[in-house]
Amino acid sequence: MNELAHNYGDSAGFLRDYKACFATRADGSSWPNWETTWLRGTQYFRGLVRPGSNKSISGIASMVDIKQEKLERFVRESAWEYENVEDQLRMTAPEAAQGAASALILDGMGIPKQGHDSVGVGRQWCGATGKMDNCQVTVNLTLASPGQHRNADQVSWPLGMRLYTPKKWVGHDSSVYESTQEQQQYAERREDAGIPDDIEYQPKHEIGGDLVEEAADSGLDFGCVLGDSNFGKSPTLRRRLRDEAIPYALELVPSKFPVVDEETPLQEESESGSADPDETRWKISEDEEILSPEDLAQEVEDPDTDLEWEHIDWAEGTKETLSGDFYRTRVRVVTDRADREVGEETGWLLIEKTTTDDDEDDSTVSVKAWMCWDLDESSLEELVQWTHLRWSIERFHEDIKQHLGADEFQGRSWDGFHRHLAVVMLAHAFIATHRLEAGHDLPSFETVMQRIVREAAIQQLMDNLNFDRETATDAAEEMLQGFTDWRIPDL
């Protein structure tokens, strides 16, 4: 495809739907010089999309030829509210990303940092480095739909990115500090970062629950919520989703999720043992066996049982068909193993077996597991496809970091951090929109981004220098290859 059906690099039409986010507050009011805020927003957006490895504010300012301090004021001091961008992203999610086969995907994103002053930074688990590290962590939500023909055709649409704020940064619990000096240091950092006074500590599962509820309340059409074991292990999050009647297929820690068969007889517990006299509590007898997903996987492996793994193909990969061995069974979740107490949570427990060859004679079998609630009528194939759709958020994180500078914000403020991520989400949505226009066999995120920039350069040379298209194309490609990370896209 050497020519594009329209001006591929023109972002004006896309951004028009988001102008109000940079011109008005949530209550509909505006402010003096909102036109300047809108202009800076479009400049910041175009700087993120343009080629170049430096997507810090200084790098963006250089790319769009503007003074750095103007963009710093845009993210640090302007009156626009980043939450409005998330609201509009929910309202403008494309139909192609929605539907019964689509899912809301929760995940965390680690951003390694040096120093101690960037808002929310601390020593915590960092997925980017795979270890405990000094970093910021966000909780992110995307809407994802499976590829119609290939796994690579999956589409992600950003819905929200929120900073997880460790307890020391919130300042409401003096017991978390090692000394009064440390407490004072964090008080100063909190003030310098401009963390709003009403911000309270929220665990990641609570932030994720807020994002999911906002998406569900907006009317988005999706089949279920997905998340890794960091979210799936939270009984509070699972209970919250059930209270809102939101189906889920959440990953578990296979060795630490006790269950019994769904048909196991229950015994009503005495009300005197309940903290809530209106709440019925149920137990199982001492004769009933409590198992973990790992225990169940061993039973399936046992040749003396009549249980079997089922081999499922869930998508076409770039090199081969993606497939695996799965087993599912109906279970009830045990809430207190020692007291043999069970809850009302029932559903499909999905288990996947992975075999790794250690050497010629030995192999290791490991398992993954998911609790699937309110997906009772779903087939095994559908459960497998949903749970393996979760990988698309890993791709989302990779794209926004490598190509849009999600992890390159160097400011220290609360508003600046969230505003940077809001424009990153806009840029990702812009590129996702163009991916969808390709129809079958969607091009990669990187390829579409390259095409957008190439077309924008061609159009600018044609408009400003009156080049014909052939001359403008040659000049644009020669100019763009001057960037170290640029390559001519596959056309």
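Begin by selecting F22 and W38, both of which are buried. The model on the screen is a predicted one.

**The F22 and W38 pair**

The ring centres of F22 and W38 are 6.0 Å apart, and because the planes meet at 45°, the pair is classed as tilted. F22 is found in the loop between α1 (12-16) and α2 (34-49), whereas W38 belongs to helix α2, so the pair joins parts that are 16 residues apart in sequence. Next, extend the selection to Y44, F74 and W80, which form one aromatic cluster with F22 and W38. The structure as a whole holds 15 aromatic pairs.

**The nonpolar core**

Keep Y44 selected and turn to the core. Which residues of the largest nonpolar core touch the most other members? They are Y44, W157 and V225, in a core of 129 residues. Helix α14 (residues 414-436) gives the most to this core, contributing 13 residues. With its neighbours within four places in sequence left aside, Y44 is in contact with I57, I60, L71, F74, V75, F409, H420 and V423. Apart from this core lies another, of five residues, including V260, I290, V334 and V342.

Select V424 next, a residue of helix α14. Is V424 buried or exposed? V424 counts as buried, since its relative accessibility is 0%. Its contacts, again without neighbours within four places in sequence, are L48, I400, L404 and A406. A distance drawn from the C-alpha atom of V424 to that of P158 reads 9.4 Å, although the two residues are 266 residues apart along the chain.

**Helix α7 and its surroundings**

Now move to W169 and Y186.

- W169 and Y186 form an edge-to-face aromatic pair, at 5.7 Å centre to centre and with 85° between the planes.
- W169 lies in helix α6 (residues 167-170) and Y186 in helix α7, so this pair ties together parts that are 17 residues apart in sequence.
- W169 is buried, with a relative accessible area of 1%, and Y186 also counts as buried, at 11% relative accessibility.

Add R189 to the selection. The charged end of R189 sits over the ring of Y186, 4.7 Å from the ring centre. R189 also forms a salt bridge with D117, in which the closest N and O atoms are 3.5 Å apart. This salt bridge links distant parts of the chain: D117 is in the loop between β1 (103-112) and β2 (122-126), R189 is in helix α7 (residues 180-193), and their positions lie 72 residues apart in sequence. D117 is partly exposed, with a relative accessible area of 33%, whereas R189 is buried, with a value of 16%.

For another charge over a ring, select K167 and Y201: K167 lies over the face of Y201, at 5.2 Å from the ring centre.

**Further salt bridges**

Side chains of opposite charge can pair when their charged atoms come close. How many salt bridges does a search of the whole structure find? The search finds 26.

Select R90 and E214, whose side chains meet in a salt bridge at 3.5 Å, N to O. R90 is in helix α5 (residues 82-91) and E214 in helix α8 (residues 204-217), so the pair ties together parts that are 124 residues apart in sequence. R90 is buried, with a relative accessible area of 7%, whereas E214 counts as partly exposed, at 29% relative accessibility. Adding E86, D87 and R162 to R90 and E214 displays a network of salt bridges that links these residues.

Then select R238 and E345, which meet in a salt bridge through their side chains at 2.8 Å, N to O. Distant parts of the chain are linked here as well: R238 lies in helix α10 (residues 235-243) and E345 in strand β12 (residues 341-357), 107 residues apart. Both R238 and E345 are buried.

**The cysteines**

End the tour at C135. Why does the sulfur of C135 form no disulfide? The closest cysteine sulfur, in C126, is 4.0 Å away, which is too far for a bond, because a disulfide requires two cysteine sulfur atoms within 2.5 Å. The count for the structure comes to zero disulfides. C135 is buried, with a relative accessible area of 0%. C21, the last residue to select, also counts as buried, at 4% relative accessibility.

Methods. Residues numbered from 1 in each chain as written. Predicted model: local features only at pLDDT ≥ 70, side-chain atom pairs only at ≥ 80, totals over all residues. Heavy atoms only, no water. Buried < 20%, exposed > 50% of the residue type's maximum accessible area, 1.4 Å probe, protein only. Salt bridge = Lys/Arg side-chain N within 4 Å of Asp/Glu carboxyl O. Helix = DSSP H or I, 4+ residues; strand = E, 2+ residues; numbered from the N terminus. Core = buried A, V, L, I, M, F, W, Y, C linked by side-chain atoms within 4.5 Å. Contact = heavy atoms within 4.5 Å. Phe/Tyr/Trp six-rings, centres within 6.5 Å; stacked < 30°, edge-to-face > 60°. Lys NZ or Arg CZ within 6 Å of the ring centre and 35° of its normal.
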